[in-house]
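User: Hey, I'm new to this one. Can you walk me through a few spots in it?
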Amino acid sequence: MKVSKALIPTLRQAPNDAEVISHKLLVRAGMIRKVAAGIYELLPLGLRSLRKVEAIVRQELDMVGCQEVDLPHLVPSELWQESGRWRKYGKELLRLKDRHEREYCFGPTHEETICDLVRATVNSYKSLPLNLYQIQTKFRDETRPRYGLMRGREFLMKDAYSFHDSFEDLDREYAVMHQAYLNIFKHAGLQCRAVDADTGSIGGSSSHEFMVLAETGEDAIAVCGQCQYAANIEKAKFKLKVVSGGAPQAMEEVSTPDLKTIEEVSGFLKINPDQMIKTLCFAHEEGFAIVCLPGDRELNQAKLAGLLGAGEELRLASDDEVMSLTGVPTGFLGPINLNVNVPKDKKGQALRFDFIFDAALQQNDVFATGANKKDFHFKNVSLTRDFGDKWKQQMADVSTVRAGDACPDCDAGSLQLMKGIEVGHIFKLGQRYSEPMKVNYLDQNGKDQHVVMGTYGIGIGRTMAASVEQNHDDKGIIWPAAIAPYHVHLLMLDDDDEIQSHAQNLYNELWEHGIEVLWDDRKDRAGVKFNDADLIGLPLQVVMGNRGLKNGAFEMKIRKSGEKKTLPLDNMLNTIREELKNL
């Protein structure tokens, strides 16, 4: 492609709303253009890179026996109602009606649709296992779309779904897909790490995210410095140092007028925040939960939501709700002598109520806590003495890990917190969808059984953007060769007939041998061409000008290293081919 005929609207300045480097550079390099919040056009250079990510995904998945399908974007509400997600998914689900007032959603993911396909076409164990995938545009109505292709509302995604006759076979396929994902991101030139992750609204028993490590990443991950343990902060665990009960002093009620926060009360009592019990009240669609955790720890809402089976509706209860439920003002709640008045639903049935102690409370035995009346706290509270074993029966891991916490998988390591960009996510769904949707097969004994499922997603555009986050400098993008829009940027510095002839011959020869070339044939200053070449970031820059031609030479610049080489015009094709092999 000649630049003089190409649509490459490069910019000197990034748009004001661009926060992360990939958003800035993809817009400046003329690869994407914003249409509305979270919705982008892909221009020719951006689309070429995106198609190469797609090709890598298809190649790796086809190699492990996956088959490609194309499912409809619009999904009837009835399918989502069968799975139970129509009500639970939340406001991110774009719901719409046709002229007949029939309800649909624009699929953000396609578990329900693929289940409908398989239950209509597969009826025997002989047809299993089966792994089907598609690459398709999705829509999720993000509350705050941002970061360009990193968190858009409309985006291109690869979603795959596997079907099995046993959980053991799901484990086998999950391992195959786990390795295929590592191969995909390595092939695309990304440094990626698989981390244990929360299953979220998709559901299932376990999942792994594939994270590209980058300072601008949205997700925090905990990584051990001594072993391979890695987990999303929403799922990460830490090893506890359990304290056995001693002989604490008698519990004492202390006046704490207008002191509500952990900092205020611990300062007043002259104790550390970790010697306080923080008591929080949460509301969700099915009822309420009260959670106790160490005063120096933050609650992990994703862990709590998973424990309760609640979704995005989980929230801190209001002051009025806390007062109605407990009769205690916010800030003075505690686990001792707490009386709860659980409200009833419209049918007169009591709403669900859970009382949860965070597992990290085991790291201490004597605490101060709210006394369940205004302006008073208890000190010298011993969970072992004052609760016995009862509190451990209500114990769960609901707090967030911190840097320096002990690794849960080894004895020597401590956790480091890093930032990452999620580019892929795989789940063991089990029978989460096949049971309510009756996706069944006949086993070897002729009996109906629910299939066992896995699901596997990759953000195609997000992978492209993550590559830019990981591969750039202050001049622009540095594309890995596998997903670069073109392999070679041919820069013609002079415009006489001889240069034109040499450039045209090289251009034709490279394309004939499968090397993709972007030829900057514009009648523009050399500085403009060099700046655009660095901004666009193709792996190799080949520079041809009169001065070099007179000496029988051309210049090659390796974009990643910035290294420049002056090389003979003879055998240019092989020289360029060999250099590309090393990138």
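Analyst: Sure. This is a predicted model. Let's start with a strand pair: β5 and β6 (residues 103–106) run antiparallel to each other and are joined over four bridges.

User: Which residue in β6 stands opposite arginine 95?

Analyst: That's cysteine 105.

User: And what order do the strands of that sheet come in?

Analyst: The order is β4-β6-β5, three strands in an open sheet with antiparallel pairing. At the edges sit β4 (74–76) and β5 (94–97), each pairing on one side only. From one strand to the next, the twist averages 40 degrees.

User: OK, new topic. Where's threonine 400?

Analyst: Threonine 400 is in the loop between β20 (395–396) and β21 (415–430).

User: Is threonine 400 buried or exposed, and why do you say that?

Analyst: Threonine 400 counts as buried because its relative accessible area is 18%, and the cut-off for buried is under 20%.

User: What does threonine 400 touch, leaving aside its neighbours within four places in sequence?

Analyst: With those set aside, threonine 400 is in contact with Ile233, along with Arg297, Glu298, Leu299 and Asn300.

User: Switching again: how much space is in the second largest pocket?

Analyst: The second largest pocket holds about 460 Å³. It is lined by 18 residues, and the closest to its centre are Trp479, Pro480, Ala481, Ala482 and Leu583.

User: How does that lining divide into nonpolar, polar and charged?

Analyst: For the second largest pocket, nine lining residues are nonpolar, seven are polar and two are charged.

Conventions:
Residues numbered from 1 in each chain as written. Predicted model: local features only at pLDDT ≥ 70, side-chain atom pairs only at ≥ 80, totals over all residues. Heavy atoms only, no water. Helix = DSSP H or I, 4+ residues; strand = E, 2+ residues; numbered from the N terminus. Buried < 20%, exposed > 50% of the residue type's maximum accessible area, 1.4 Å probe, protein only. Contact = heavy atoms within 4.5 Å. 1 Å grid on protein atoms, 1.4 Å probe; cavity = no way out; pocket = protein on both sides within 12 Å on 5 of 7 lines; lining within 4 Å. Points joined across faces, edges and corners; volume = space filled by probe spheres on them. Nonpolar A, V, L, I, M, F, W, Y, C, P; charged D, E, K, R; others polar. Pairing = 2+ DSSP bridges. Axes fitted to C-alpha atoms, helices over the stretch in contact; angles between N-to-C directions.
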